[in-house]
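Hello,

Here is the structure I promised to pass on. Please have a look when you get a moment.

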Amino acid sequence: MKSVSSVVPALLLTLTLVSIQSASAALEAFRRDPGHPQWHHGAFHDVKDSVRSDVRRMLHTRAEVPFQVPLEVNIVLIGFNNDGGYRYMVDAHRMEEFLRVSFPSHRPSCLETGEPLDIEHHIVYNVFPAGQPELIALEKALKEAMVPAGNARESDYGREVPLFEVDATAVEPVFQKLYSYIFDMDNSGYNAAEMDRPVPSAIFIVNFDKVRMDPRNKDIDLDSLMYGKITQLTEEEMKRQEGEYIYHYRYNGGGASQVWLGLGRFVVIDLSAGPCTYGKIETEEGSVSSKTLPRLRNMLFPRGFNAASGHSTHDTFVGQLAALVSTTVEHVIAPDVRFETVDLTTRLLIPIIVLQNHNRYNILEKGQNYSIDTEAIEAEVKKMVHYGQEVVIVGGSHALHRHEKLAIAVSKAMRGHSLQETKNDGRFHVHTKTYLDGAILKEEMERSADVLAAGLLEVSDPSLSSKFYIRQHWMDESDGSGDSILKHKPLWATYASKRGKEKKKKTEKKESDLHRTYGTRVIPVFVLSLADVDPHLMMEDESLVWTSNDVVIVLQHQNEKIPLSYVSETERRHTLPSQAQRHILAGLASAVGGLSAPYEKASHVHERPIVNWLLSAGCHPFGPFSNTSQISRILQDVALRNTIYARVDAALRRIRDTSESVQAFAAEYLKTPLGEPVKGKKNKSSTELWLEKFYKKKTNLPEPFPHELVERLEKFLDNLEEELVDLSSLLYDHRLQVAHLNSSEILQSTIYMQHVCRLCFGE
């Protein structure tokens, strides 16, 4: 009996522990129970025939049809299932259908040229709601992260209520956890294996219950609501859903916003936060106001607290959500390309060359607030290049006075413009603002880049010097201006012919012995570390960085923070000229990855880039509202795709140029022995008659080309059609490594075939 009596308490204790563990497990969020939302990736089979049809039209006719690439966009609705703020409900399937009909495609452009790319995204939308446990887990994380920050107004002329700030980096891991849960992705690092698997991009549209997560209310137990029943609201509770307070996000101390780009592959749009106001002072374009994002309170109570008609209000709200999704796609998920660089190199050298007019400090020394972390920069750059491409970053400092022409260029680049500002006395005060003109600096600095970079390599790692540069004595083309030893030709110089033939400048021969090795690309970063300059000295457009496709110039000086003509809420934004890390990374992101800032977009109507500051906050180094030296994975994906797009765009333009040459040749020489045009069906021109022979072999017309060439061209176009369809599939599946190799083969074969055709034309 004793043994039995001793076993019973142990058994009860075991059952109690099991029940406690099961109860705690039942309260956990992000648990993959049967029936939880699943991400399905397989839409390419539905659009494959359409892609093939467009590719065939593009290759075999003169139709201006862009290359179709399906792009999957996932929208996760959080708090829109009768469980969030105002207990509002959005039908995911209806919204998905609305997006498909309203915004079916998007064609990015090149900001440098203003021309649209020969690539168009066929957008595949997936919309699904998040579960109640995940909503409560996010609300709990935000409630814990809220910090009092004074008072703010509910709207432009509304009443003042308490304000709370949320550090987005503190709640970002919870959103990442939700991303991993929905898309069945772990939190592993960015490696080659991850690059070649389907990885989704997500837009989180959030509608929190502000009353439930009020940081001043300690009585509400959010854990009990994980799987508990959420009660519906009475009319009086609906009117108090704003919670008598406001909260907004700041990503790493950047500008206040309710929309931010995460470190992972997601964007957060929080409709219950804010409203936030930010933008450029005295400029309407791109400014974000209290009415930029839709608010449920304004939808449900447009005339105070008198309810509006539900049907029209709901349709308007869904339309505004769809417009938000489209804006996010155009600016973040599939943005415009900053520079379209056809780069087939295997080695990338980035020399960080510090030119200083003082010896007071060195920004390459570690441990200081102004120090440059070259290892961190190298780690970020490696994420923007394809697997197998070697990246080497070296740094060194030079005294500016020892390089006479560079010092003169810095002096010549000093510019000034007049500003009129109102002071407290109400009058206009005129003063001159000094800035550095990057375009003037670029011309002289790119001439000296190779000489300085080779010297840095020799000092840091002599074995790398012969890998990136070779010294041979021959006559090199140089314009003979200044202390530049080398004026190198850009990579794939013949690619410029697609923009029109340019007149070659007469150059004089100058002896040079330094040349880049084959397969090497060099992007120098010049950091001008200046002392005793204007305390508010910047570069144009109130920036500290100037970028082209082959050089980055950054300004650095040890002065106090500089006020900008940008405002976030009621405060001016400032920039710290002593810290160059973020600006170096921003320049390299544009030069290496072709990334444009998330707030810029090419406008064919305005014939210039336009700005929209809505998505200017978050994990990226661009602009006045950012404050981080990292690049989001969603932008890293964009950079990797940009390299592939540049090659495909170049190949398709060459195919069109070759087609034009073929048709011009046929139109001129396709005649009868008596010199008369070939006759045929009335609805076909002589060129079309020959093209029918060229592609279909249905006529007995004379052949202006050798039959062997026609067969080679036909075989080439058939193979190219299959390669482009496969490439579209690879890009949809995010198999970027294979797509990168395929795009190289497509470009090289296109160049070869264009060369063969030109030989036949006698060009």
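Below is what I found, going from the whole chain to single residues.

First, the ground rules. This is a predicted model, in which local features need pLDDT of at least 70 and side-chain atom pairs count only at pLDDT 80 or more, while totals for chains, interfaces and linings use all residues. Numbering runs from 1 along each chain as its sequence is written, and side-chain values use heavy atoms, with hydrogens and water left out.

The protein chain holds 18 helices and 26 strands (DSSP runs numbered from the N terminus: H or I of at least four residues for helices, E of at least two for strands). Of its 763 residues, 52% are buried (under 20% relative accessible area with a 1.4 Å probe, protein chains only; exposed is over 50%, and partly exposed lies in between). Among contacts (heavy atoms within 4.5 Å) with a separation of 6 or more, 75% join residues 24 or more positions apart.

The largest nonpolar core (buried Ala, Val, Leu, Ile, Met, Phe, Trp, Tyr and Cys residues joined through side-chain atoms within 4.5 Å) has 107 residues, and Ile75, Met95, Ile205, Leu441, Leu528 and Leu588 touch the most other members. Helix H9 (residues 310–333) contributes the most to this core, with nine residues. A second, separate core has 45 residues, including Phe30, Ala130, Leu178 and Tyr245. Back in the largest core, the contacts of Leu588 beyond four places in sequence include Ile350, Met384 and Val552.

Leu142 is worth a click too. This residue sits in helix H4 (residues 132–145) and is buried, with a relative accessible area of 0%. Beyond four places in sequence, Leu142 touches Val166, Phe208 and Asp270, among others. Another of its partners is Tyr247, 105 residues away in sequence and 9.7 Å away C-alpha to C-alpha.

Next, helix H11 (residues 404–412), where Leu406, Ala409 and Val410 are buried. These three are on the same side of H11 because they cover an arc of only 100° around the axis (taken from the directions from the helix axis to the C-beta atoms). The face turned away from that buried side carries the exposed residues Glu404, Ser411 and Lys412.

Which residues lie nearest the centre of the largest cavity? They are Leu71, Val199, Arg641, Tyr732 and His734, out of 19 lining residues. Strand E1 (67–78), helix H15 (633–669) and helix H17 (707–732) are the elements that each give two or more residues to this lining. (On a 1 Å grid over the protein atoms alone, a cavity is a set of points where a 1.4 Å probe fits but cannot get out, and lining residues have an atom within 4 Å of a point.)

Best wishes

Note on methods
1 Å grid on protein atoms, 1.4 Å probe; cavity = no way out; pocket = protein on both sides within 12 Å on 5 of 7 lines; lining within 4 Å.
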